[in-house]
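Dear colleague,

I am handing over the structure we spoke about, and you will find it just below this paragraph. Please look through it first, and then read on for the notes that follow.

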Amino acid sequence: MIINNKIKNLQIFILLFSFIFVSSCIPKIIPREICFTAMNTFVKIQVFDKEFPNKEVVFLACEKKVKNIEAWGNHFSKTSKISFVNAVAKEKWVPVNPDFYYVLEVGKKAGYETKGDFDITVKPLIDFYKIKQQESTVFSEMPKIPSNIKSKIGFKNISLDPLRNRVLLNNDVQIDLSGILKGFAVDQIVSVLRANSIKKAIVNAGGTVYCMGSDVDGKPWVIGIRDPKNKNKIIKRISLENKAVSTSAGYERFIIINGKEYSHIVNPKTCKLVPAKGSVTVVSDMAVSADILSTAAFVDSSIKRIFTTSKFYFIN
């Protein structure tokens, strides 16, 4: 993902995957920022406080925190802790660091709370569809999932030991934290900023965003959600202050089945790809929650009735 910043006519636009921030900004206050890549995405931190004397130290601490998360949570790396867990935890209990354990707890809890619409054990399914996509992007019918893959899906097969921070994977399940890790990283960055008395900031990790405080005029940040059919058009505006926002969308075609476009998101209960149907934007108190709920609501919009403290915006 690429983010472009443009200060013009007293406005700052931050271009994201599926929405645009639009907030009034005093020209003389130019945000101090850092940009880096991690977790196969782009991370950007912008601080709008008038005073920020320890900028280098704070930004370095934020980047170090995210890189550490990437080190244990990146399943694309054969040397990461999650790869080790997926390989070994099916045979014995494996101890993990406190952050890793916390994310596993949150992920398993989300499975229960979303009634299975969010599941961190979908890795075998994702791997299956990636192989199918390499074969072709057009199919006459939904690819048939082998029974030995279906049997490996289910968050209930994750056993956790809170006393020793250990994990055991039953029935050969495999963990994929890609639907939760960006949100967790954003929350960790926000914690570092708050610990250093930062009041106004925008943290963005691959389109999962947290807006700290108000903008420089003391007003809420204003986000414009993109039109799924026209990325240059804002279809709805919402106000944010100390809130996180995340979007799941079917903008980019993943595969065509019987003439219909399907997204990259998998329904854990049916094991099928979800149709590419617009977008779902979720606003929550924490980025990890927004991350989880935007994915779950893209699978099944009815979960909005369960999570009444979060706001859901469905754009067709």
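A good place to begin is a pair of residues on neighbouring strands, since Ala244 stands opposite Ser284 in β18. Please keep in mind throughout that this is a predicted model. The pair belongs to a longer contact between strands, in which β14 (residues 243-249) and β18 pair in the antiparallel sense over 6 bridges. Strand β18 also pairs with β19 (residues 311-315), again in the antiparallel sense, and 5 bridges join these two; here Val280 stands opposite Phe314 in β19.

How many of the 6 residues of β18 are buried? The count is 6 of the 6 for this strand, which spans residues 279-284, so β18 is largely enclosed by the rest of the structure. In a regular strand the side chains alternate between the two faces of the sheet. In β18, Ser279, Thr281 and Val283 point one way, while Val280, Val282 and Ser284 point the other way, and residues of both sets are buried.

A second strand can be described in similar terms. In β5, which covers residues 41-47, 7 of the 7 residues are buried, so this strand too is largely enclosed by the rest of the structure. Thr41, Val43, Ile45 and Val47 point one way from β5, whereas Phe42, Lys44 and Gln46 point the other way, and the buried residues therefore include the charged Lys44 as well as the nonpolar Phe42. Strand β4 (residues 32-38) runs antiparallel to β5 and is joined to it by 7 bridges, with Thr37 standing opposite Phe42. These two strands form a hairpin with 2 residues between them, and in that hairpin Met39 takes a positive phi near 55°. Strand β5 also pairs in the antiparallel sense with β10 (residues 201-205), over 5 bridges, and the bridge partner of Ile45 in β10 is Val203.

There is also an open sheet of 4 strands, with the order β7-β15-β16-β17 and mixed pairing. Its edge strands are β7 (138-139) and β17 (273-275), each of which pairs on one side only. Within this sheet, β15 (residues 255-257) and β16 (residues 260-266) run antiparallel and are joined by 3 bridges, and Ile257 has Lys260 in β16 as its bridge partner.

Turning to the pockets, I looked at the second largest one, which has a volume of about 350 Å³. The elements that give two or more residues to its lining are α3 (98-113) and α7 (287-299), and α3 gives the most, with 6 residues. The lining consists of 17 residues, and those that lie nearest the centre of the pocket are Val106, Lys109, Glu113, Ser289 and Ile292. By type, the lining divides into 8 nonpolar, 5 polar and 4 charged residues.

Finally, some values for the protein as a whole. It has 7 helices and 19 strands, and 55% of its 316 residues count as buried. Of the contacts with a separation of 6 or more, 63% are between residues 24 or more positions apart. The protein exposes about 15,000 Å², and carbon and sulfur atoms supply 50% of that area.

With best regards

Key. Residues are numbered from 1 along each chain as its sequence is written. This is a predicted model: local features need pLDDT of at least 70, side-chain atom pairs count only at pLDDT 80 or more; totals for chains, interfaces and linings use all residues. Side-chain values use heavy atoms; hydrogens and water are left out. Buried means under 20% relative accessible area, exposed over 50%, partly exposed in between (1.4 Å probe, protein chains only). Contact means heavy atoms within 4.5 Å. Accessible areas come from the Shrake-Rupley method with a 1.4 Å probe; for residues, only the protein chains shown count as cover. On a 1 Å grid over the protein atoms alone, a cavity is a set of points where a 1.4 Å probe fits but cannot get out, and a pocket is an open set with protein on both sides within 12 Å along at least five of seven lines; lining residues have an atom within 4 Å of a point. Grid points are joined across faces, edges and corners, and a volume is the space filled by probe spheres set on the points. Two strands pair if DSSP finds at least two bridges between them.
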